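Visitor: I keep hearing words like "buried" and "salt bridge" when people talk about proteins. Could you show me how those labels get decided?

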Amino acid sequence: MGYYNQPLLKPPVWTWEVPAYFFVGGVAGVGAVIAAVGALAGADASIVRDARWMAVVGALISPALLISDLGRPDRFLNMLRVFKTKSPMSVGAWTLAVFTPAVLAALIWDPMSADASVAARLAGHAGSLVAAATGLVLATYTGVLIGVTVIPVWAAHARHLPFHFGASSLGAAVGVLELLGHRTPAMNALGIVAAVGLTLMRAHVEVDRRPASAPLKSGSSGGMTRLGDVLSGPLPLVLRLVWPGEPAARAVAALGAIAGSIVTRFGWIAAGRASVALALAALLLLPAPVLVEGRQDPKPDLSTRALVASAAKYVADYQEEFKFLLADEEYVQRLYSSNGRLTEERHLKGELFLTFLPGDGEWIAVHDFKEVDGKPVPDREDVRALLQKGDVRGTAARIAEKNARFNIGRLGRNFNEPTLPLLLLHRKRVEDIDFDRERVVTQDGRTRVTLRFKESDRQSLIRNAITTSPISAKGLLTIDALTGRVERTEFEIDVNQTNSRLVTEYKPDEKLKLWVPVLFHERYHDARERERQVIQCEARYTNYRRFEVTGRIKK
Amino acid sequence: MATGFFTDSTVCIGCKACEVACKEWNGIPHDGFVWRGMSYDNTACLGHSTWRHVKFVEHERDGAPAWDFSSDVCKHCEHAGCLDACPTGSIVRTEFGGVYIQPDVCNGCGYCVVACPFGVVERRPDDGRAFKCTFCYDRQKAGLQPACATACPTESIQFGDLDDLRARAQTRLAMLRARGVTDAVVYDPQHTSVGGTHAIFLVRGRPDDYNLPSNPERPAVRLVEAWRSAAAASLAMLVVTTLAFWLT
């Protein structure tokens, strides 16, 4: 869909400072509101003072966070170059610029102090009121900021986000004050209101079936927003209603509200990124999920866990079926110098013998090259006869060593086999790999899911040949959602400043009734000083057939 | 005078001379030596260092494979999301109707990136500022055509008065239809919230295949409803805080 599944939109560039500011600024804003209202309502002076301090601390951290997120932090003052009502960011920058001095004024000239001069108290009152008014904006405008964008998940919640962020800020601000010792009934009441709001809003998200809302429910962003909402919604709600007088319960409720408020902001930014990956041109204009007419397939489970399990099962079965296959191979290697100029090219033709050896849990590939750059290989061994004798492993090692002379470029490589990434999906190995759903594409009634994977640093498929230390791989797996069939793998490792990327594409084979690797693309980018080069290889495999081996397999 | 681009993809030969001319004239850095493994087009998309991008669209036409090329560019929207969003006033509308980022003002806040319905603007990581097509503002000021249109060897990229170009696009469309090219369409989103663009396209097949969205949306259409929510949320917070202190 769209242009080769290239996302139509650009993802947000904001780093951790922005969600951190959403939290800090929001809590500071509510702090100023609580201080002002508390002062007018004649609340205890200590809570007013602590709320004001909270606002001051937040007001001082917020600009630092925002400035450090800029691409050009030295130009932060340009934020106050113009005032634009059309730009929520401009409105926000000005709000913060007013809020900070106002809340400082209220702190310096305490409006409740009995022995201060009339002028000082007036200044304090003005500061307190201005801080409260701008504080309300600070606590809610961040929802407007991200809602008024093109990012589908944010845009779809433009109405809901200001309430969400406001309630989240209120809950967290109450939490901070309670942890400072103000476990008053007023704080509990405010905590309950915030928790009720957040619980209802999460419920609303859970029943929201618009495709744009998917990143709030699945993938890592879904996990984060859900965790944030549970921590700041139902958890404090129950604790506050059931044990309002219990200090431990209040403390847990307070901590939950604060943690949830932080996690939720990070979750929403992550959801924005995930949303872009899903937003192909065609998706944007469809308010309802894409429905495919005709045969209704059973609905596949699209959770990452279910997809990985189904792919692992597919690979286990696949390895049983994929035995002793022979294919014609055409292999082109191209070497490029650092300026992108093609400096060497090599064409190889021959046969590929490919099998899975269940005893060893290994894929074995033997390349029997007959032609190099159009000329026959002079000392070609009779690979067929060697294989017929049955020593598959021995033959593979021996031929691989001989074939190494055909490799162009200065890079040693011995892991470049098309089916290697399938080993990642071995039941035991899967445990040590992080999977994340990258995108879901439904076309012609079939749903294909692309999973992004990253191996852990402890366990890896590939090890350094000399030091034997693990080299963790990352990449993408495209699988058929219904069957778990692996249709494309992209496998990437970085070692010694060399980036290696192996892409394998599978297609169905009519004769064998099996999906087989048809295209294998290798790219090695050697970034070492003085050795800069890029090697690109493309292998095409055709005419698959079964190879009959009569002998037994020696170890 | 409002100027524009009319990109007629039916005569584009995919030579990428526009990409090269754009980079040369504007001194844009390279965009990496990346093989995308998706088609012969390794540029992939517009971005901070790609202001012209020739798409290589492989699709099916009448049961046979068809290969179409189309040079993409910033659309220079009539109601531009990036221009609305820019908090520094760095992004302005020029006297030619184009949308221009003043590089000496941009502070790299990144808000325009998420405000562009076409995914055009991007922040350059090593520079920190946002970049996109300038519509060759400097060349236009000097009475020249943009570099891409000058370099195009087949006049696939045509530059001129926007109204003239719109008429030319319709004439060309009628001509193609008369010749039996029934799948040709003009992409000119005048009836969407971006209010029309200064870059219009003639493509064969579905514009979606070229990542030209059928309904590009200006984010500011949600400005009122979002602020209304913020106001309601603020009021609610003020009321509950007051009640909480008063009643307890």
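Guide: Let's go through some labels one by one and set each value against its cut-off. Keep in mind that this is a predicted model.

Visitor: Okay, what makes Arg61(B) and Asp183(B) a salt bridge?

Guide: The closest N and O atoms of the two are 2.9 Å apart. The cut-off is within 4 Å, for a side-chain nitrogen of Lys or Arg and a carboxyl oxygen of Asp or Glu, so the label fits. Side chains of opposite charge can pair when their charged atoms come close.

Visitor: Where do Arg61(B) and Asp183(B) lie in chain B?

Guide: Arg61(B) is in strand β2 (residues 52-61), while Asp183(B) is in the loop between α5 (162-178) and β9 (184-187), so the bridge ties together parts that are 122 residues apart in sequence.

Visitor: Why is Arg61(B) called buried or exposed?

Guide: Arg61(B) has 16% relative accessibility. Buried means under 20%, so Arg61(B) counts as buried. Asp183(B) has 21%, so this one counts as partly exposed.

Visitor: What makes Arg545(A) and Asp328(A) a pair?

Guide: Their side chains meet in a salt bridge, with 3.1 Å from N to O. Again that is within 4 Å, so the label holds. The two come from distant parts of the chain: Arg545(A) is in strand β13 of chain A and Asp328(A) in strand β1 (residues 325-337), 217 residues apart.

Visitor: How do you know whether Arg545(A) and Asp328(A) are buried or exposed?

Guide: Arg545(A) is at 21% relative accessibility, so it counts as partly exposed. Asp328(A), with a relative accessible area of 28%, is partly exposed as well.

Visitor: What about Glu487(A) and Arg446(A): what makes them a salt bridge?

Guide: Their side chains meet at 2.9 Å, N to O. Glu487(A) sits in strand β10 (residues 486-495) of chain A and Arg446(A) in strand β6 (residues 446-455), so the pair ties together parts that are 41 residues apart in sequence. Glu487(A) has a relative accessible area of 8%, so it is buried. Arg446(A), at 26%, is partly exposed.

Visitor: How many salt bridges are there over all chains?

Guide: A search of the whole structure finds 44. Some link up: Asp379(A), Glu381(A), Arg398(A), Lys402(A) and Arg405(A) are joined in a network of salt bridges.

Visitor: How do you know how many disulfides the structure holds?

Guide: The count is zero over all chains. Take Cys12(B): the nearest cysteine sulfur, that of Cys18(B), is 6.6 Å away. A disulfide needs the two sulfur atoms within 2.5 Å, so Cys12(B) is in no disulfide. Cys106(B) is in no disulfide either, with its nearest cysteine sulfur, that of Cys112(B), 6.3 Å away.

Visitor: Why are Cys12(B) and Cys106(B) called buried?

Guide: Cys12(B) has a relative accessible area of 14%, so it is buried. Cys106(B) is at 7%, so it counts as buried too. Over chain B, buried residues make up 60% of the 248 residues.

Visitor: What makes Val239(B) part of a nonpolar surface patch?

Guide: Val239(B) has a relative accessible area of 42%, so it is partly exposed. Patch residues need over 30%, so Val239(B) passes that step. The patch of about 580 Å² is made by Leu235(B), Val239(B), Leu243(B), Trp246(B) and Leu247(B). Val239(B) itself lies in helix α6 (residues 223-247) of chain B.

Visitor: Why are β4 and β5 of chain A called edge strands?

Guide: Each pairs on one side only. They belong to an open sheet of 11 strands with antiparallel pairing, in the order β4-β3-β2-β1-β13-β12-β11-β10-β9-β6-β5.

Visitor: How do you know that β12 and β13 of chain A pair?

Guide: Eight bridges join β12 (residues 514-526) to β13 (residues 533-546), which run antiparallel. Pairing takes at least two bridges, so they qualify. Within this pair of strands, Asp526(A) stands opposite Gln533(A).

Visitor: Last one: why is Arg250(A) called buried?

Guide: Arg250(A) has 5% relative accessibility, so it counts as buried. Arg250(A) lies in helix α10 (residues 247-278) of chain A. Leaving aside neighbours within four places in sequence, its contacts include Glu178(A), Arg183(A), Met187(A) and Trp243(A).

Technical notes: Residues numbered from 1 in each chain as written. Chains lettered and ligands numbered in written order. Predicted model: local features only at pLDDT ≥ 70, side-chain atom pairs only at ≥ 80, totals over all residues. Heavy atoms only, no water. Patch = residues over 30% accessible without salt bridge, like charges linked within 9 Å, V, L, I, M, F, W, Y side chains within 5 Å. Areas by Shrake-Rupley, 256 points an atom, 1.4 Å probe, with all protein chains shown as cover. Helix = DSSP H or I, 4+ residues; strand = E, 2+ residues; numbered from the N terminus. Buried < 20%, exposed > 50% of the residue type's maximum accessible area, 1.4 Å probe, protein only. Contact = heavy atoms within 4.5 Å.
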